[in-house]
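Work through the exercises below with the sequence and the coordinates side by side. Try each task before reading its solution.

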Amino acid sequence: MASVLYELGYVKDLESVYKSLGRLISGHCDRNRVESYINQQMKQGLVKYYEYDDHTGNARVCSGETQEAFLKTVKTGCKDRNGQNLMVRYRKNRVGAWACEGISHQNHLDMVLNTYNMGYLNFPNFHEANEFIEGLHEKLLAGEKWSFVSGEDNPDLLRRKTNYQILESYLQQVFAKLVLEYQKKTSENYEKIVFSEDGQYCYFNTGLLTKFARPVFILGEVKNRRASGEFFCHKPCHSKGLRELVNDYNFKEEDVSPGPEMATFFNDIGEIIYDTNVDIDFTDDKLAHIIIDGLKRNRFPKRYQQMFEEQRDAAIFGIAEKLRSSIETAELIAKRNFKYVVPQYRPATTGTIGGETVRHDGEIQFLMPIYLDFNLYDMPDFALVLSYEGGFYIPETVLTLSWAYNNARILCKPDEPWLQASRIKEDYNNQEESILDVLNTVEDEDAQDDFAVDKNENIVDDIKGSNQKDRSETKAQTSAVGSGKNIKGSKGNKSESKKSGAKGNQGKAKTPIGMIVYLENIESANNGGIKGTFGKELNIATISKKKLKGMKIAYIKDKRLKVRIIEKNHMGNSYQADPL
């Protein structure tokens with residue numbers, strides 16, 4: 001029998017949820033009793049939703065699942081050793097889907113709701129974070145733009161943003177790099193964070209310069225230092241004078257004068273220069289993955305997403321051909337301008353699977369501008385991400401321009417016309433909410449989660465799909481792509497096979513019949529009904545006018561509708577669904 005937790009949203013690892021709950025309660029965790037209690041809470045409408053207050057910036061309880069709701073909780077019927085109620089916590093991601101985030105007691109929940117994290121930089125609330133960024137921005141050397149052009153408003157307020165998004169992203173990733181490597185003797189960043197003699201404060205070089213061309217150092221309190229050495233820099237601020245650092249904050253003079261060096265991301269300049277003599281290994285599987293994945297994440301122009309919805313296979317083939325041609329054009333330009341393909345730093349990521357921490361080291365990649373319609377006078381449609389592996393460039397994914405700029409700025413300020421902050425609109429829906437798994441800032445180690453939702457870009461696939469483990473692509477999607485030759489030749493695909501693993505062992509896609517899913521992209525269908533898409537494969541489901549029972553299409557058009565897939569339509573590749 002499926003867990004009731006799945007009805008509230010995506011659950012990455014159900015066993016970890018109950019493992020965490022069992023560790024926190026004072027007694028045995030009866031799973032059946034918990035499931036029954038949560039089910040009753042849901043039936044009685046006792047799921048609690050939270051939204052941000054426009055005036056204070058802090059979270060508050062709201063009346064039901066409003067458009068602005070970003071987090072929800074439901075009690076488990078269990079209490080921790082201190083007698084506090086334990087609840088399951090779900091957060092809405094950037095595409096509007098709910099995902100289980102952890103187990104909390106009330107004190108922990110208050111901290112999760114109102115603290116503001118920039119990776120390992122931690123602030124008591126959003127306003128203090130914004131004031132810090134604004135104050136730092138005023139001190140910086142002139143001549144660089146640290147915010148994007150205002151784009152569409154963020155209607156769901158899924159992630160509050162400081163006023164200088166690029167600066168926030170830069171600081172987050174620079175400090176994360178240092179935190180993850182300051183103890184590694186083999187790293188170029190070894191001991192580039194220095195600590196006061198009592199270990200209460202930390203001090204690091206941001207790599208930025210003041211208006212007077214002086215290095216910008218940050219000072220902050222050390223919080224929640226773990227056995228791994230990772231910690232939070234709490235209430236960071238622009239550094240004090242040397243005398244104050246030594247006398248008031250207990251730093252050694254030799255540690256702060258002249259101070260730690262800036263973070264190192266590469267050792268040789270050749271690592272960040274795109275080599276046009278290296279082939280791009282672009283197989284059919286890679287093409288299909290990048291196109292389908294990019295369309296699902298709304299990273300392609302809307303006209304292509306509409307083509308995909310109306311005629312999937314033809315759209316994939318057409319986009320694949322345009323993508324190939326765009327890459328060839330970019331290659332020709334790059335041969336004449338070595339800066340055209342821009343380097344980026346893919347930040348390190350950490351996540352927890354089955355109670356075990358999994359870490360992926362950061363790496364240098366390249367961003368290739370893609371103009372699907374060859375309008376080189378305008379901004380590109382997106383950037384194609386390329387990794388170097390085994391003598392080939394491997395295409396990984398596509399990024400919106402704001403996301404691409406943030407990653408590129410970690411290494412250096414981009415100066416190519418196609419990647420200029422002054423021409424890029426902020427895209428809230430495609431920005432990563434958080435690269436690092438650093439949500440659990442509670443002081444008591446016992447109250448921290450044993451698990452957390454992985455915040456890197458790959459989680460979107462899982463959340464938008466079902467809770468099924470099988471995520472294989474259908475043969476129809478890959479067969480429509482094309483020949484599968486390398487873009488610059490046919491030297492084989494050793495790098496691809498090495499990267500992707502045993503791809504041939506994937507099974508056939510499971511039928512969605514009987515599954516409870518969320519219907520998205522809802523629009524009017526024939527005979528007064530509606531149709532929409534669901535799951536990773538963006539399958540189409542229809543609901544008849546009779547089953548809508550007077551529900552107004554205008555009311556649900558821009559929302560997500562919970563449905564059960566009941567059967568496949570007799571004609572076509574769509575399914576019939578019942579609203580829940």
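The exercises that follow concern a predicted model.

**Exercise 1. Overall make-up**

Task: State how many helices and strands the protein chain has, and what share of its residues is buried.

Solution. Start with the secondary structure: the protein chain has 17 helices and 22 strands. Next take burial. Of the 580 residues, 53% are buried. Finish with the contacts that have a separation of 6 or more. Residues 24 or more positions apart account for 63% of them.

**Exercise 2. A five-stranded sheet**

Task: Give the strand order of the open sheet of five strands, then find which strands stand at its edges.

Solution. Step one is the order. The sheet runs β2-β1-β3-β4-β5, and the pairing is antiparallel. Step two is the edges. β2 (59–62) and β5 (98–104) each have a single partner strand, so one side of each lacks a neighbour in the sheet. Step three is the twist, which averages 35 degrees from one strand to the next.

Now look at one pair inside the sheet. β3 (residues 71–79) and β4 (residues 85–92) are antiparallel and joined by six bridges. One residue to locate is K79, whose bridge partner in β4 is N85.

**Exercise 3. Helices on the sheet**

Task: Identify which strands helix α3 and helix α4 lie across, and at what angles they run.

Solution. Take α3 (residues 31–43) to begin with. It lies across β3 and β4, at about 135 degrees to β3. Then take α4 (residues 106–114). This helix lies across β1 (48–52), β2, β3, β4 and β5, and its angle to β4 is about 20 degrees.

**Exercise 4. Helix α2**

Task: List the buried residues of α2, then say what they pack against.

Solution. α2 covers residues 14–24, and its buried residues are L14, S16, V17, Y18, S20, L21 and L24. They pack against α1 (5–8), α3, β3, β4 and β5. Check the N-terminal end too. D13 caps α2 there, with a side-chain oxygen 3.3 Å from the backbone nitrogen of E15.

**Exercise 5. Nonpolar cores**

Task: In the largest nonpolar core, find which residues touch the most other members.

Solution. The largest core has 91 residues, and I193 and M368 touch the most other members. Helix α6 (residues 165–181) supplies the largest share of this core, ten residues. Now inspect I193 itself, leaving aside neighbours within four places in sequence. Its contacts are F175, L178, V179, Y182, C202, Y203, F204 and F231. A second, separate core has 25 residues, among them V17, Y49, V74 and V88.

**Exercise 6. A threonine in a loop**

Task: Place T162, decide whether it is buried or exposed, and find its side-chain polar partner.

Solution. T162 sits in the loop between α5 (126–139) and α6. Its relative accessibility is 3%, so T162 counts as buried, the cut-off being under 20%. Then search for polar atoms: the side chains of T162 and E168 make a polar contact of 2.5 Å. Beyond four places in sequence, T162 touches Y116, M118, F126, A129, N130, I133 and E168.

**Exercise 7. Cysteines**

Task: Count the disulfides, then explain why C237 is not bonded to C233.

Solution. The structure holds zero disulfides. For C78, the nearest cysteine sulfur belongs to C29 and is 5.3 Å away. C78 is buried, at 7% relative accessibility. For C237, the closest cysteine sulfur is in C233, at 8.2 Å, which is too far for a bond; a disulfide needs the two sulfur atoms within 2.5 Å. C237 is partly exposed, with a relative accessible area of 24%.

**Exercise 8. Toward the C terminus**

Task: Determine in which sense β20 pairs with β19 and with β22, and place M515.

Solution. β19 (residues 530–534) and β20 (residues 539–543) run antiparallel, with five bridges between them. Here T533 stands opposite I540. β20 also pairs with β22 (residues 575–579), in the parallel sense, over two bridges. In that pairing, A541 has Y575 as its bridge partner.

M515 lies in the loop between α15 (494–500) and β18 (516–524). At 14% relative accessibility, M515 is buried. The C-alpha atoms of M515 and I566 are 8.0 Å apart, and the two residues are separated by 51 residues along the chain.

Notes
Residues numbered from 1 in each chain as written. Predicted model: local features only at pLDDT ≥ 70, side-chain atom pairs only at ≥ 80, totals over all residues. Heavy atoms only, no water. Helix = DSSP H or I, 4+ residues; strand = E, 2+ residues; numbered from the N terminus. Buried < 20%, exposed > 50% of the residue type's maximum accessible area, 1.4 Å probe, protein only. Pairing = 2+ DSSP bridges. Axes fitted to C-alpha atoms, helices over the stretch in contact; angles between N-to-C directions. Contact = heavy atoms within 4.5 Å. Core = buried A, V, L, I, M, F, W, Y, C linked by side-chain atoms within 4.5 Å. Polar contact = N/O pair within 3.5 Å; in protein donor to acceptor, adjacent residues only side chain to side chain.
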